[in-house]
Every structure is written in structure tokens, then in C-alpha cells.
Amino acid sequence: MDTIFAQATAPGRAGVAIIRVSGEQAFDISQNFCKIPTNSKSCLRSLRDRDDNLIDRALVLKFDRGASFTGEDVIEFHVHGGLATVSKLMSELSFFSNCRLAEPGEFTRRALSNGCLDLNQVEALSDLIDAETEAQRRQAIKVLDGSFSDAGDSWRRDLLRGTALLEASIDFSDEEIPDNLHVEVADLVEGVGSSISEVLSRSKVASKIRSGFTVAIVGAPNVGKSTLLNNIAGRQAAITSDVAGTTRDVLEIRVDLKGLPVTFLDTAGLRETDEKIENLGITMAYKRASEADLRIFLVSSFDEDLKIPASSDDLVVLNKSDCRNGIELSVSGKTGDGVPKLLELISNRFKNRTVEDFVAIRQRQLDGLQAALASLKETSSFLSHRPAPFELAAQELYFAVSSLDFVFGKVDIESILDEIFSNFCLGK
Amino acid sequence: MKYSQTFVWENRGVFHVKHFDVLVVGGGHAGTEAIHAACRYGLSAALVTLDRSKIGVMSCNPAIGGLGKGHLVREIDALGGIMGVAADASGIQFRLLNRSKGPAVQGPRTQSDRNLYLMEVQRLLGKQSYNLIEGEVTALLQDGASVSGVRLMDGTEIKSRTVILTAGTFMRGTVHIGDKRVSAGRMGERAADELSVQMEALGASFGRLKTGTPPRLNGDTIDWAGLEMQAADTDAVMLSFMSEKPRVEQVDCGITHTNAKTHDIIRENLNRSAMYGGHIEGVGPRYCPSIEDKITRFSSKDSHQIFLEPEGLKSKSVYPNGISTSLPEDVQGQYVRSILGLERVEILQPGYAIEYDFLNPKGLSSDLESGILEGLFLAGQINGTTGYEEAAAQGLVAAVGVAKKLRDVSEIRFDRSTSYIGVMIDDLITRGASEPYRMFTSRAEFRLKLRADNADQRLTDSGWESGCVPAARYSAYLKKMELLSRCKSALDEMAVSPNEARKAGIELGLDGRRRSGHELLAIPTVSFHNLVRLDGSLAGFSTATQTQVSHEALYATYIQRQRHEIKALERDLDVLLPSSFDYHAVAGLSFEMRTKLSDAQPESLGKAKNIEGITPAALTAVLLAVKSFNFKKAI
């Protein structure tokens, strides 16, 4: 197999750039530039080209096969991050036969084929690299450390045992087989089912950490919703005026709220009107507000009709606090009075929902777990019949196992791989 | 009506007139099924056997069918084969296994009168036109890389374009009783050793397998009075679609158990057992352990069940199913007489273990043609299987393969989603055999569809087109299908409201939706009787038709879902693996995976997936390697 290389850090001018070389000949090739470290230590070295001219002074790191990211021999050159330095070193590298620039995602692919990562870990790695907020990073690192795959292995083990017991009851029924094996099967199925549904409910919240939470600001026309949005955004994102019905479309701004990605929605004021376009905006406001993870009802008085059913986490906030004195839960978009407190409240509510344990994030994982859970419920229900239709219970159990296979990388592998590797950019 | 003549060929020397299409070697269950099918195709055929009186003999337990095995018999029957017919003619105790479980996992089984079975097989063969030759095959004749016939012990050469070898346990067969060892193919019959040696010279690499039998008991000396008895089913389910009811008297089996004393005797003499004394290297089946194995491996169990199965209506021989052994004769006598009901029993023939050569079936084509010589087909125990039914099915597959090769008849597709035969062939040629291979329903991932009751619906049409299904068989099938389709359209036309359904005893939510008869039958608690209460005219359909329609409705939704799985399977199958692919060069495969894949050389990713122990990670690595292999080839 070819030895591959690529820049591991972002392209462009920087203090330091890292060039990673991986493959059977990584050590031999690197030997041509400098003396590589004897053990897995980092050393400062002078890199020289074919004509013995100095390229750069660089930190050189050596990773032996089995102890590197790809599972192969790896050398990392940490050079000064000038464009010319990087391109000089790369062109020197490509001079060697069987040594070439890596394809997109090729380092990760090698890690996958060498058994250093499984599919879920590859996805998590992609998430980790894409992570924008602290919560996203924590979640990705948890999947990357393998706890998700460990759970999958234990589910599969239990279900395979359950299947084996059922099959024994079917295929060896004319021999001396205990006639209560289905009891243990029911227990196993129950156990895996509740463990999966626990992960699923955690995951529902967790997927928000990845995709972000939404908060809708709703209320009557002209209560100051757009002004509040502008204050949160820290800029003039929405047009404001004292004319009722100024906001028609739904406006979105995305902010990092103490590590959580949150999108705030500014919506049209809720009122009865004959104006066609405003009405479209109001319909949209109802829809988006009810779908949001949390609603801020901005009101002029606490006994106002909210028009949309409020859930327990929702916040009802008095407007124009600059004109009121000392009332809790009141804000002013104009002066910013009460806004930090409001944001603190929102982030606490979301933090309470987030979890510290591993979860499933990708749609592929969620679909697979949900399908597996549905099959397990069917299995349980068949097993509770008397006489139990063993062949149907076994069939549902097979469906469950193959749904899990789908999550943990067994069937339909090709399309998943294509999807993953097309999401990867060079050199990661 | 075809007039035919079967004759014993006794002259010596080269037979220079006849050049057969196919020569079947061996007259066991694989051989008889193969020769009969060859005749149905109208091929000029000959059967070579050591002893013509032993054609169709049941050398192990006197039963046909069971779970998975009953399915195989029905499939053979659906293609015009003889095993089901012979079993029904000789059946003395019909029992449908798993009667209380769903129809997909029910397996018809019968105990047969050993002598009646053999006579029926010989009678059925007698109606066909082929040449019967008594003799021992000592060598295969070659014409370049192709087989061209066989040579007999006396030097006679018989020419044939193809050969189906069904040598059973005769290839270097060795019988073990304690430390006594005899070269034999069956108890008291000559083994065939020269053939193994020649085939090895041609590049065949044999493995050794082992199987065992229990001592045969004299039924007159068994004290039946104190034993639990098991009767035949009162409504017998037959093995062949063509039979209606048992032809001979039905008998009971006795049930007894081993006890602590039995176990003590066996334990004390374990070192005298051929298996435990180190005389046997062959691998035995885990699901059919000897009594020595049972006691050693399951030492906490203080009793094992034994079925006492009469071997025939007139025979006094009884087969004690569950205590096969390779202990010396005197120990067999001691432990057997420690068992309830057998205190004074006389042993007619001691139990023995038999070791024999088999060829790993991994190299075979899906028609069971061997890679050793073109035109050489292998079927039965030589391919590492065990069981009459597995052998017979292979004999049939090989004969279809021969007909395809010589006559270009249309193909009968045996694949995993349409038949148990397909499951077995695929298992054998992709996974090989590491222990004697036996069919189970759990081997069939599409078993809700592959039922004993619809084997004809799955196979008879293509068998008819191909030319191995006789006209009488086919017209009976068409009649069944006609009735089925009339009944199905009657159910289609039903539009039952929940209120009407409730009056007929069907619990339904009042959702206002009208349902067809099929939809109602798909509800597990609904039976055809409920439908008859809704529409009296349905009572006009026979019980067989009613049952068939009910079975289909019960699994309809599952079969629909499985159809998606079948599609996914086919998609996987599409990724082809190069035949010379070097798995040792695939990065990230463990040594175990490399060895398994190199040995199997699967044709496709789908087949690689089916290899035992191959992990998802290994498949991914293979897929990536193959893609880059193809990519490099493309540049």
C-alpha cells in the first residue's frame, strides 16, 4: 500500500503547520530529510532537501504502527506555517515513489480498515472536528472513546443469546430441551429494550446539542420582540418600528449560549388581521413557535392571553423593563436591562436537559435503534402469548439484530461508507 | 406408460456399445435420488453399486423427515423425487413435529419399516429405465481434465460423460467397536479405499468425519409393560404431496432413560471407548453426540432420554435412539441392561462408530460439480453432510446439474430465499463443513416463507419446465393451485365490517374499516372457522385448501418485510470479490479472518458475510481493499 501524506492543520498562513506521513515507508522516506527520533519521542531537527539545502527547522514526531491514529507507521513534521515552507516539504515528499498526497478522508479510512476505529467512532471523529461548542465536543469525544460501541456489543450479545434459546426451542423440540427457555428470552429482550429506549430518550436531547436548540420569541404585536432579538444578536438584525405588524417573516439568529448552539426566532405579532401577507406570517409564527424547544412569551401584563399553549419550561417575561421598577422577569430590548438574566435562565433550562452519558446522535443511529426497539416490543408481545408463536418471536428478534447491525456497521455498509468519506476533508 | 427394463450386467471387459450420459456410483439415498432424477430427464444412465439388494437401505435410524429435514423431503417430492413416496409407503409412525408451534417450523416425520422402505425404493427404481451394475469402483477414468467413466475392481471399464459419486461412508471407511477396528463401509460391507488414493493423486484433499450408531436390540426381550409409550398422530401428516394416508399399520415407540448406574458403567469404561481411547481422529456431530459424549460433556445431567423405535412391522429389531456408542461389546451389554425395561435385553448387533473420508465441499460449484475433474459430481456424505434427507437432496441437485450440462435443460434455481435445498447448497459451498452438516430450520433466514406446506408452490413449476417433474405430479399440483386460487379470490371479495366480524366471533376495534378474508386471517387468533361463519359457502373448500390459505395469510406481512431483506441480500451479493484475491495483503484483517476468507474464496461480499465468524469490521476492510484493487486495475 502507498505511503500517504497531507497537511493535518488548516491551510493558510499560521504559526505552525503539521504534515502527517503514514504508511509502510513513512520512516524510510522521512529519513531522507533528517534523522528521525529513535523512540516515540519528539525531536527538533533540521529538514534538508535532496540537494542538502535547509528546508526548515521542525519538530519531528514518530509513532510506531499499532500506536498511531491510522495503525500504520506515522511521522509528523511540525514546521513553521508559511505557505512556501509547507508546499516545499510536500513537493519533496511526492518525489518518492509509492508516496503520494492522501485522498480526502484517507487517513481515517486506514484507521477504520486497521480496526483502530469503528463506524460510529469515525462519525464521532467527524463531529469532533466539526464541533463548534463545548457541549458538542464533549458528546463527540464520548462516542469516540467507544462507549456507544460497547453498549452495542452487549446488546448484540444478549440478543444473540435470546435468539439461540428460541432456536433451540424450535429446532430441538423433540429432544430434552427445558420448556421454559422463553422466560429467559423475554428477560433478555426486556433488558435490551429498556436500555435502548433509555439511550433514545437521552439522544433526543443530545441531538439538539449537535443541531442546536430553538427559542421562539412570541407575543402580541409591538411588544418589543424584534428589539429583544436585536439585543441578543448584538446588532440590528431585525427592522423595528412602532408600527404594529412590522415583522412578517420568521427571523433567525444563531448564538453560542454558554456552549450550547441556540437559534432565536423572531416571529410576527399574534393578532387578528385582514392583511394577507401579515396573516401568512402569523400562521408561520404559530407553527414555528409550537415546534420550538422553548418559547419566550413577551407580554405587557402577566394576565394576557398567550394564544399558544405554554409548556413548563417556557418563560413568560414582561416587556419594557426600563419603564417598570424592580419587577422580576422583565426585560428591555432597548437598554438590555434583564437580558443577561433571561439568557442565563434559558441556558440553565437547556443544560438541565442535556446529559453526560453517551448517546446516539446521527439519524442513521437513531433510525436503527428505533427500529430495533419496535422489533423488540413485538418480540416481547409474541413471547407473552400462550402458546407463544416462537417462529414469529424469532423473526422479530432477527429484525432487531439486523437493525442494530445497521447502527454498528454490518449491513448496507457501502452506502454508509460513501456518506462518511464524502464528509471528510483532506488530511484528517 | 413407459415400458422399461432393469438388468444386472454381468459380462466382463470393456463395454463398447454403451456410452452413458451419467453414471451414478452408490445406491444409498443420494444415489437412488440421483439415478431416478436422471431417468426422469430421459438421460441414459447407469447405477453402480456393491450389492444390489442393499439399494435404498436405511443404515442408521429408521426415520425420515423431522425439523428442516421434513422440509427437504417435501422439496425433493415437489421436484418429482422418491424419498417422500417411499417414506409414506413404509411409514409406521407419522408425527408432525412442533405441532403446537407455527406452521413454518412444523416438520413432518415418520418412522419407517426399514424393509418396506428399501422395497419401495427398489420398486420405484424398477419402473425406470437404466442399467444396474454390481461392482466396486476402484478408479475414475479420465479424458484430459474431464471424467470419462469408471473402472471396476475386476478391470471392467464403463464409459460415461458424467459421474455422480455418492460414496457415503465407504471412502476409507473404518468401523470402530471399542479398540476393535475394521475397514468397512457399513457394518459387514467392504470399504472403498483405492478411489480415495486416486482422487488424492488428482489433488483432492480429504478430511475425516465420524458418525455413530447404537446397538440394535431384540424387541421381544424388552419389557415394554413398564415403559412410557408414544403413539403416532391420529391425523397423520404425510411426507409426499401425493399421499393421503398411511399405507401400513401404525405402531408406538417406547421411551426410557439412562440412570446413575448406566453413567457409572460408561464412565468406568471410558478409556475403552474408541472415541475416548484415542482411536478416532474424525470430527463427530455436536448435535448427535454419542452416549460417552453426553455423559462427559453434560456431567451434571443424571439421566438421558432414549426412544425405542421399532425397525419394522415384522422385524424384532429395535433402534434405541439416543445412545450411539463406540464402547466394546461387553460394556454395551452391561450399560444397556442397566436401563429400565432393558434389563434382559438381547443385543442383535453392537453399536459402532464409523470414520470416513469427506471432501470439503467449499470447492464445489452450485450444481455440486467438483473442481477435481470436469463432469464429476459429488453428493451426500462425501460432501460432509449427515442424514438421509440431506444426501437425497444433493443427489437430486447433482442430477439436475448433469441434465443442465448435457441437455441444456432450463435451470432450477436453488437459492437461500426459495428453498432449504438452496440454503444447504449455499452453506456447503461457501462455508464448507467442519462437522457433519445437518439441516435445521434456523439455518434458513427466510423460513417463514420456506414451509413444508408450500414446497410445491416454490419448486414444482420450475421443475416441470426443467423436465424432472412427471406429468401426474404436475397435474396434481395444478389442481391444488386451482383450488387455492378459487379460495383466495373468494377471500379477496369479502368486505367485512368490524360489526359483522364481531358477530362471527372476531374481536376487532370498531374502526369502520371493511376487511378482506386475508386481512382477517392474518390476525393470529382468527381461524378459517370464523370466516365460514361469515360466509357459509367457504365451507365447500377442502381442509387442505383452508389450511394452506390460513398459513399464507398468517405470515403475509412478514414475508413482505423479508422481501426487502432479500433485496438487500441481493445488493450485497452484487459486490463481486476477485477469485485470486489475496486476503493476506488486506490491512487490518486478523490472522483468523485472513485464513477463513482465503479458504472460502467467496465469490461475493454477500457470501463472505455468511462465513461463520466474519465480523462487520472485517467485511469493511475487505470491501475497501476490493474497491482499491478494482480501482488500481482500472487505471
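What follows covers one pocket in chain B and the way a few helices of that chain pack. The model is a predicted one, and that goes for everything below.

Start with the second largest pocket, whose volume comes out at about 1200 Å³. Its lining takes in 31 residues. Those nearest the centre are Arg74(B), Phe241(B), Ser243(B), Ala544(B) and Gln548(B). Sorted by character, the lining splits into 14 nonpolar residues, nine polar and eight charged.

As for where these residues come from, two elements of chain B each give two or more of them: helix H12 (471-493) and helix H16 (543-574). H12(B) is the top contributor to the lining, giving seven residues. The pocket can also be placed with respect to the domains of chain B. Domain 1 (216-352) and domain 2 (470-562) both supply lining residues, so the second largest pocket lies between them.

Now for the helix packing, beginning with H12(B), already met in the pocket lining. Its partner here is helix H11 (residues 455-466) of chain B, and the two pack at an angle of about 135 degrees with their axes 11 Å apart. That angle makes H11(B) oblique to H12(B), as it falls short of the cut-off of over 145 degrees for a roughly antiparallel pair. The crossing of H11(B) past H12(B) is left-handed.

Helix H9 (residues 388-407) of chain B turns up in two pairings. In one, its axis and that of helix H1 (residues 29-40) of chain B come within 7 Å and cross at roughly 30 degrees. H1(B) is therefore roughly parallel to H9(B), and the handedness of this crossing is right-handed.

In the other pairing, H9(B) packs with helix H2 (residues 69-78) of chain B at an angle of about 30 degrees, the axes being 9 Å apart. H2(B) and H9(B) thus also count as roughly parallel to each other, the limit for that label being under 35 degrees. Here the crossing is left-handed, whereas H1(B) and H9(B) make a right-handed one.

Methods. Residues are numbered from 1 along each chain as its sequence is written. Chains are lettered from A and ligands numbered from 1 in the order in which they are written. This is a predicted model: local features need pLDDT of at least 70, side-chain atom pairs count only at pLDDT 80 or more; totals for chains, interfaces and linings use all residues. Side-chain values use heavy atoms; hydrogens and water are left out. On a 1 Å grid over the protein atoms alone, a cavity is a set of points where a 1.4 Å probe fits but cannot get out, and a pocket is an open set with protein on both sides within 12 Å along at least five of seven lines; lining residues have an atom within 4 Å of a point. Grid points are joined across faces, edges and corners, and a volume is the space filled by probe spheres set on the points. Helices (H or I, at least four residues) and strands (E, at least two) are DSSP runs, numbered from the N terminus. Ala, Val, Leu, Ile, Met, Phe, Trp, Tyr, Cys and Pro count as nonpolar, Asp, Glu, Lys and Arg as charged, and the others, Gly among them, as polar. Domain bounds come from an automatic or database domain assignment. Axes are lines fitted to C-alpha atoms, for helices over the stretch in contact, and angles run from 0 to 180 degrees between N-to-C directions. Angles under 35 degrees count as roughly parallel, over 145 as roughly antiparallel, 65 to 115 as roughly perpendicular and the rest as oblique. A crossing is left-handed if the near helix is turned anticlockwise from the far one by less than a right angle, and right-handed if clockwise.
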